[in-house]
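Open the model in your viewer, choose a cartoon display, and keep the selection box at hand. We will go from stop to stop, and at each one you will hear what to select and what to look for.

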Amino acid sequence: MEERALIIGESTVKRYLSPEDVIDCVEKTWRWYGEGKVVMPDKITTDMAAMGIPGWFNSMPAYIGPMDVAGIKVVGGYDGNKALGLPYIKANLLVTDSRTGILRALVSGDYINDLRTGAQPAIMARLLAASTDVVTIIGTGLQGYTSLLCMSKVLNIKEVRLSDISEAAMDRYIARFPEDVPFRFVKCRSNEEACRGSDVIITVTNANANLVEEPWVKEGGLVMTMGSFRETSFDVVRKADKIAVDQVGQSLHRGNLKELAAMGEITADSFDILIPDVLAGKMPARTNQKDRIYAQIIGTGMLDVACAGLLLEKITASGDELPRFDMTK
Ligand SMILES: NC(=O)c1ccc[n+]([C@@H]2O[C@H](COP(=O)([O-])OP(=O)(O)OC[C@H]3O[C@@H](n4cnc5c(N)ncnc54)[C@H](O)[C@@H]3O)[C@@H](O)[C@H]2O)c1
């Protein structure tokens with residue numbers, strides 16, 4: 001039996017997958033998960049800090065039934081990367097044959113990780129926001145960029161307010177978008193200025209701090225946290241009318257909800273809206289225009305594995321012969 005694996009680098013991934021492909025794939029995969037057609041154990045974190053290595057990585061396996069794709073994403077955050085000119089987050093994907101375990105492909109996971117990360121707030125805002133006229137992005141790094149990139153594909157946005165501890169990061173962020181974007185950028189001097197009156201507030205930083213305070217969130221506002229640590233005061237969660245998550249188990253162990261979960265204030269029963277279940281037609285999304293909704297987007301490996309599966313489908317459909325590595329040699 002042949003064991004010839006593809007080894008696919010970043011520029012090849014970019015050639016075959018567009019932001020629209022990834023948004024569609026993320027939405028379908030969430031729906032399949034809500035329909036019980038995905039197997040996904042909770043991610044495992046390997047934190048190397050105790051050994052003096054300033055970084056961590058997650059092992060995130062999944063099997064996507066409707067695509068018959070089995071694989072694992074290995075993704076980490078490495079504090080030293082910035083100094084090396086590398087992104088903070090680095091991801092790799094491995095796809096195996098679901099019946100034999102034979103390696104189908106090793107895929108550079110950065111572009112897929114960044115785009116699927118950005119696709120999430122785009123789909124969630126479409127389901128949960130009362131309005132998307134004014135969007136606030138706190139943390140104008142790479143994931144903040146892909147978030148707005150994907151949101152701009154599916155939402156009507158008039159104003160994008162930016163806040164970051166680095167003025168240069170905000171300038172670089174604006175420069176990544178074409179000059180004729182249909183919204184105006186506003187660089188804010190404080191998070192409070194960025195948040196008050198905003199329809200959708202997104203935090204996507206590597207901070208561990210109260211970046212958003214509860215009185216700054218307007219009636220009907222949507223707050224979505226995406227960073228790996230605390231990003232709002234506890235009251236933003238406590239006083240929200242509804243809490244939404246992309247996945248239950250992992251939402252209790254990481255990100256903005258981790259400390260509230262450790263204190264016993266947030267449990268698996270605290271979540272009013274499960275996005276995969278909304279997409280599967282099992283529960284409604286927003287039901288009241290006045291509700292303040294808090295959403296945690298923790299990010300799940302099934303999305304990357306599904307995108308890698310879509311990539312392989314597109315390569316096969318193209319008829320292109322990409323170099324393969326004979327795993328028996
Ligand atoms: N939820 C998900 O699916 C998902 C996926 C990938 C990454 N992440 C997380 O997203 C976060 C951002 O990742 P990235 O790749 O964009 O990193 P990045 O380094 O490119 O960007 C982070 C930005 O946050 C800014 N920042 C840091 N502290 C801040 C503060 N106190 N106030 C305002 N801005 C601040 C930095 O200046 C920087 O511009 C990380 O926590 C990462 O682990 C989440």
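## Start in the core

This is a predicted model. Begin with its largest nonpolar core, which has 90 residues. Select Ala295, Ala306, Cys307 and Ala308, the residues with the most contacts inside this core. The core is shared: domain 1 (4-112 + 302-326) and domain 2 (118-299) each give at least three residues to it.

Now keep Ala308 and show its surroundings. Apart from neighbours within four places in sequence, Ala308 is in contact with Gly71, Leu93, Val95, Ala105, Val107 and Ile112.

## Helix 11

Next, select residues 301-318, which form helix 11. How far apart are its end C-alpha atoms? They are 26 Å apart, and this agrees with the 26 Å expected for 18 residues at 1.5 Å a residue.

Colour the buried residues of helix 11: Gly301, Met302, Leu303, Asp304, Val305, Ala306, Cys307, Ala308, Gly309, Leu310, Leu311 and Leu312. Ala306, Cys307 and Ala308, met at the first stop, are in this list. Then step past the end of the helix to Gly319, which follows helix 11 and has a positive phi, near 80°.

## Two domains and their contact

Zoom out and give each domain a colour. Domain 1 takes 4-112 + 302-326, and domain 2 takes 118-299. Over C-alpha atoms, the centres of the two domains are 24 Å apart.

Which helix supplies the largest share of the side of domain 1 that touches domain 2? Select residues 19-34: this is helix 2, and ten residues of that side come from it. Across the whole contact, 16 residues of domain 1 meet 19 residues of domain 2. Coloured by class, the domain 1 side shows eight nonpolar, two polar and six charged residues.

## Around the ligand

Now select the ligand and the 31 residues around it. Those that come nearest are Gly139, Gly141, Gln143, Ala207 and Gly299. Colour the shell by class and you will find 14 nonpolar residues, 16 polar ones and one charged residue. Both domains take part, with at least three shell residues drawn from each of domain 1 and domain 2. Helix 3 (110-128) and helix 4 (142-154) also each supply at least two residues of the shell.

## Helix 4

Stay with helix 4 for a moment. Its 13 residues should span 18 Å at 1.5 Å a residue, and the end C-alpha atoms are 19 Å apart, which agrees. Select Gln143, Gly144, Thr146, Ser147, Leu148, Cys150 and Met151, which are buried in this helix. Gln143 was also among the residues that come nearest to the ligand.

What covers these buried residues? The cover includes helix 2, helix 3, strand 8 (134-138), strand 9 (159-163), helix 5 and strand 11.

## Four loop stops

**Phe177.** Look in the loop between helix 5 (167-175) and strand 10 (184-187). Phe177 has 15 other C-beta atoms within 10 Å, so it counts as partly exposed. Draw a distance from Phe177 to Leu149: their C-alpha atoms are separated by 8.2 Å, while the two residues are 28 residues apart along the chain.

**Cys188.** Move on to the loop between strand 10 and helix 6 (191-195). Cys188 is partly exposed, with 19 other C-beta atoms within 10 Å. Leaving out residues up to four places away in sequence, Cys188 touches Arg161, Leu162, Ser163, Glu193 and Ala194. Between the C-alpha atoms of Cys188 and Leu162 the separation is 5.8 Å, with their positions 26 residues apart along the chain counted as the distance apart.

**Val217.** Is the residue here buried or exposed? Find Val217 in the loop between strand 11 (200-203) and strand 12 (222-225). Val217 counts as buried because it has 24 C-beta neighbours inside 10 Å. Beyond residues up to four places away in sequence, Val217 touches Cys195, Ile201, Val223, Val236 and Arg292.

**Asp68.** Finish in the loop between strand 4 (55-64) and strand 5 (69-78), where Asp68 has its place. With 11 C-beta neighbours inside 10 Å, Asp68 counts as exposed. Check its backbone too: the phi of Asp68 is near 50°, a positive value in a residue other than glycine.

Technical notes. Residues are numbered from 1 along each chain as its sequence is written. This is a predicted model: local features need pLDDT of at least 70, side-chain atom pairs count only at pLDDT 80 or more; totals for chains, interfaces and linings use all residues. Helices (H or I, at least four residues) and strands (E, at least two) are DSSP runs, numbered from the N terminus. The expected span of a helix is 1.5 Å times one less than its number of residues. A residue is buried if 20 or more other C-beta atoms lie within 10 Å of its own, exposed if 12 or fewer, and partly exposed in between; C-beta atoms are placed from the backbone. Domain bounds come from an automatic or database domain assignment. Two residues are in contact if their C-beta atoms, placed from the backbone, lie within 7 Å. Ala, Val, Leu, Ile, Met, Phe, Trp, Tyr, Cys and Pro count as nonpolar, Asp, Glu, Lys and Arg as charged, and the others, Gly among them, as polar. A residue is near a molecule or strand if its C-beta atom, placed from the backbone, lies within 6 Å of it. A nonpolar core is a set of buried Ala, Val, Leu, Ile, Met, Phe, Trp, Tyr and Cys residues joined through C-beta atoms within 7 Å.
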